[in-house]
Amino acid sequence: MAILTWEHLLKFLFETVTDVAFVPSLAVVAQRGRHFELFVGFFQFITSLCYNLTDALDINLFLSARQWHELTNILTITYGIHLCIFLMGNRHETHDNFLRYIAFASVWIAQVKDRFWMTETRYTAYVAGLFTLMLIGKVVFDQRPIPFQHGKVFRGTLALFVAAVFFYLSLDDLHDPYRLFHGLAQVMVGLALWYLWQAIPENNYKKTDTFSFARVLA
């Protein structure tokens with residue numbers, strides 16, 4: 001293990017502590033009883049935390065930073081596609097379940113083909129693009145308008161745009177050695193997820209069960 005320096009500590013602060021920004025959106029997903037999205041989102045939070053920790057402190061944590069990054073890529077992209085599926089406003093839970101499983105398997109296979117790294121995203125881009133087009137098609141052509149809460153959609157989309165700007169700036173390690181822009185991007189993504197997971201009313205379709213932390217802990 002390398003000797004800890006101020007650079008390590010600042011990277012830990014900006015990379016790892018900002019992972020907490022994802023927790024509020026996970027609470028929303030849990031309250032809505034969306035079990036598979038919660039599993040993917042929570043697992044993504046853990047792998048992202050481990051990746052940022054190993055990268056910031058230059059250590060291994062059972063797996064290497066690269067291996068944690070590979071897992072994080074799969075789960076982050078899957079979680080984003082699950083959000084797209086949610087925003088389609090499908091009125092049948094079975095339909096959503098089918099799309100969620102297809103998304104998870106497809107992203108996993110595509111990431112293996114792309115060797116996991118975001119610089120090689122040919123097949124992963126095909127999968128993400130397909131689900132994005134499905135969302136756009138549903139919004140544009142569905143005869144029954146999706147019951148969006150437009151204020152939350154606007155604020156969530158705006159936060160995603162700001163996150164994309166910060167993420168682009170974070171790619172320049174020379175001008176962002178302490179990963180400040182990476183941390184700011186994570187905070188804005190967390191804010192966007194919090195808004196967008198609330199963008200459609202809970203009663204859009206009736207779930208047959210609900211999730212409760214109190215029930216688990218009882």
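## Exposed and buried sides of α5

On one side of helix α5, Thr94, Phe98, Tyr101, Ile109 and Lys113 are exposed (over 50% relative accessible area; buried is under 20% and partly exposed in between, with a 1.4 Å probe and protein chains only). The model is predicted: local features need pLDDT of at least 70, side-chain atom pairs count only at pLDDT 80 or more, and totals for chains, interfaces and linings use all residues. Residues are numbered from 1 along each chain as its sequence is written, and side-chain values use heavy atoms, without hydrogens and water.

On the other side, the buried residues of α5 are Glu93, Asp96, Leu99, Arg100, Ala103, Phe104, Val107, Ala110 and Gln111. They lie on the same side of α5 because their arc around the axis is only 145°, taken from the directions from the helix axis to the C-beta atoms. Their cover includes α3 (35-57), α4 (65-87) and α6 (122-141), with contact meaning heavy atoms within 4.5 Å.

## Span and end of α5

Helix α5 comprises residues 93-113 (helices are DSSP runs of H or I, at least four residues, numbered from the N terminus). Its 21 residues reach 30 Å from first C-alpha to last, close to the 30 Å expected at 1.5 Å times one less than the number of residues. Just after α5, Arg115 has a positive phi of about 60°.

## Helix α2

In α2 (residues 23-31), the buried residues are Ser25, Leu26, Val28, Val29 and Ala30. Gly33, just after α2, takes a positive phi of about 70°.

## Phe167

Phe167 lies in helix α7 (residues 150-170). Phe167 counts as partly exposed because its relative accessibility is 44%.

Technical notes: Helices (H or I, at least four residues) and strands (E, at least two) are DSSP runs, numbered from the N terminus.
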